[in-house]
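User: Could you take a close look at one part of this protein, the annotated acidic site, and then work outward to its surroundings? I would like a connected account rather than a list.

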Amino acid sequence: MPIPTIVHLDADAFFVSVEQALNPSLRGKKVAVGGRERGIISSASYEARACGVYTPMPTQRALKVCPDLVLVPHTAGVYGEYSRKLFDLCEQLTPYVERNSIDEGYLDVGPCGHKTAAAVEAVVRGLQQRIWDRLQITVSFGLASNKLIAAIASKLRKPRGFIVVPPGTEAAFLAPLEIGRLPGVGTKTEASLKERGIERVRDLFERPEAELRSVFGEGWRGMLAMARGEDDRVVETEHEDAKSYSQQETFGKDISDFAEIERVAKGMIDDLLPKIRADGKRVRTLTVKVRYPDFEQASAGHSLPEAVELETPFYPWIAPLLKQAWTKRRPLRLVSVKLSGVEAPQAQLEMFAEGDEKRKRLAATLDALKAARGSGAIVRGAQIKK
Ligand SMILES: [Mg+2]
């Protein structure tokens, strides 16, 4: 059975939720965040929405349709802080996190090694609970085989939604939904489609090609592919302004062999630096994290005197950091490596020590070979299993 591994998460009424976390007496009330004078509502609680408040809406109008609305002004800085904490919790589950707004993002849990759909669902439900426990905000989740379906699913049953769409059932999941659920179908398009009697996603399949072409133009084939639930976009972790690069490995069985764990961590550094060089970046800080089977975890980090684009300066720190983090002599479930302190490269003409220059050339050659033959082609000493 294929396993759904793509998660979309979307915080529920994010700014209001944060205000409610800071001031629980606001819970269960008609609350909105927005400016009073000539302001706009930027977030409304579900109670306020039921009263006719939506976003964006002029505050004055919101106060007319909902006279007992509790208006809370924007609190500077705090939403970004909660957003960072939210995505930090996501990164504890998987390093494959694509943040696409302050309160929305995709996760790929595929590389984490969960063997069954039930196991994946359990860890993602665990994340939803952990976000509530730590931050007291609610987040809705969609779990599916691709980004399109996960994103639609996360928005379907808010707040505190959790919808799993098993692989293979994408088209059946979409068919009965309102046509406006598809991305790219805005309110205007939706209205004109409904005039033509296209109300649900499944209605698209009953229309002749000529009509679809006249409605969607050359994009009609893409529209039908979307209506079938097809989407092959990947979760993009390392975008241009990535704040860190990370990789983790969940062990099939818990392990306690220090040399083995050190070898795994070294291999991760060997995987990450070529990506960092390919992005034209340098990194300064290495953080090693270990996790026990009961999810307790610990980490340790070290910053080099300056940012580098080579593997070798980090090697001597792997063992000491692992020892520092792995204080309990218990077997480990997971180890991860994060490289942060990302900087743009030094100016081209900057002088390098001769040894560094040689290693740089070697690294560039290795990267080119890896790219030519696929990344499995070259295995460094640290990655060879004894
Ligand atoms: Mg949201």
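Analyst: What follows begins with the annotated residues and then moves outward to the neighbouring helices and to some unusual backbone positions.

The model is a predicted one, and in it the protein has 13 helices and 13 strands. Of its 386 residues, 45% are buried, and among contacts between residues at least 6 apart in sequence, 64% join residues at least 24 apart.

The annotated site itself comes from the UniProt record, an unreviewed entry, which lists Asp10 and Asp103 under "binding site". These two residues are spread over 94 residues of sequence, yet they cluster in space, with a largest C-alpha distance of 5.8 Å. The same kind of record, again an unreviewed UniProt entry, gives Glu104 the annotation "active site".

Asp10 belongs to strand β1, which covers residues 6–11. Because its relative accessibility is 5%, and buried means under 20%, Asp10 counts as buried. Apart from neighbours within four places in sequence, Asp10 is in contact with both of the other annotated residues, Asp103 and Glu104, and also with Val139, Ser140, Ser154, Lys155 and Lys158. With one of these partners, Lys155, the side chain of Asp10 forms a polar contact of 2.7 Å.

Asp103, by contrast with a strand position, sits in the loop between β6 (97–101) and β7 (104–108). Its relative accessible area is 12%, so Asp103 is buried as well. When neighbours within four places in sequence are left aside, Asp103 is in contact with Leu9, Asp10, Ala11, Phe14 and Phe87, a list in which Asp10 appears once more.

Glu104 is placed in strand β7. Not counting residues up to four places away in sequence, Glu104 touches His8, Leu9 and Asp10, together with Phe87, Glu98, Arg99 and Lys155. Lys155 is therefore a point shared by two of the annotated residues under the contact cut-off of 4.5 Å, since it is among the contacts of Asp10 and among those of Glu104.

Arg99, one of the residues touched by Glu104, leads on to helix α4, where Ser83 has its place. The side chain of Ser83 makes a polar contact of 3.3 Å with the side chain of Arg99. Beyond residues up to four places away in sequence, Ser83 touches Phe14 and Ile102 in addition to Arg99, and Phe14 is also listed among the contacts of Asp103. Ser83 counts as buried because its relative accessibility is 0%.

Helix α4, which spans residues 78–93, packs against helix α5, residues 117–135, in the sense that their axes come within 10 Å and cross at roughly 145°. This crossing is right-handed. On the α4 side the meeting residues are Tyr82, Lys85, Leu86, Leu89, Cys90, Gln92 and Leu93, and on the α5 side they are Val123, Leu127, Arg130, Ile131, Arg134 and Leu135. Sorted by class, this contact of α4 with α5 has nine nonpolar residues, one polar residue and three charged residues.

The backbone deserves a separate word. Most residues other than glycine have a negative phi, and most peptide bonds are trans. Ala13 has a positive phi of about 40° although it is not a glycine, and this residue is placed in the loop between β1, the strand of Asp10, and α1 (14–22). Ala13 is buried, because its relative accessible area is 8%.

A further set of backbone features involves Lys158, which was already named as a contact of Asp10. A cis peptide bond, with omega about -10°, joins Lys158 to Pro159, and Pro159 lies in the loop between α6 (147–154) and β9 (162–164). That loop between α6 and β9 also holds Arg160, a residue other than glycine whose phi is positive, near 55°. With a relative accessibility of 51%, Arg160 counts as exposed, whereas Ala13 is buried.

The peptide bond from Thr55 to Pro56 is likewise cis, with omega near -10°, and Pro56 is found in the loop between α2 (46–50) and β4 (57–58).

Technical notes:
Residues numbered from 1 in each chain as written. Predicted model: local features only at pLDDT ≥ 70, side-chain atom pairs only at ≥ 80, totals over all residues. Heavy atoms only, no water. Axes fitted to C-alpha atoms, helices over the stretch in contact; angles between N-to-C directions. Helix = DSSP H or I, 4+ residues; strand = E, 2+ residues; numbered from the N terminus. Left-handed = near helix turned anticlockwise from the far one by under 90°. Nonpolar A, V, L, I, M, F, W, Y, C, P; charged D, E, K, R; others polar. UniProt positions renumbered as here; feature names shortened; annotations may be inferred. Buried < 20%, exposed > 50% of the residue type's maximum accessible area, 1.4 Å probe, protein only. Polar contact = N/O pair within 3.5 Å; in protein donor to acceptor, adjacent residues only side chain to side chain.
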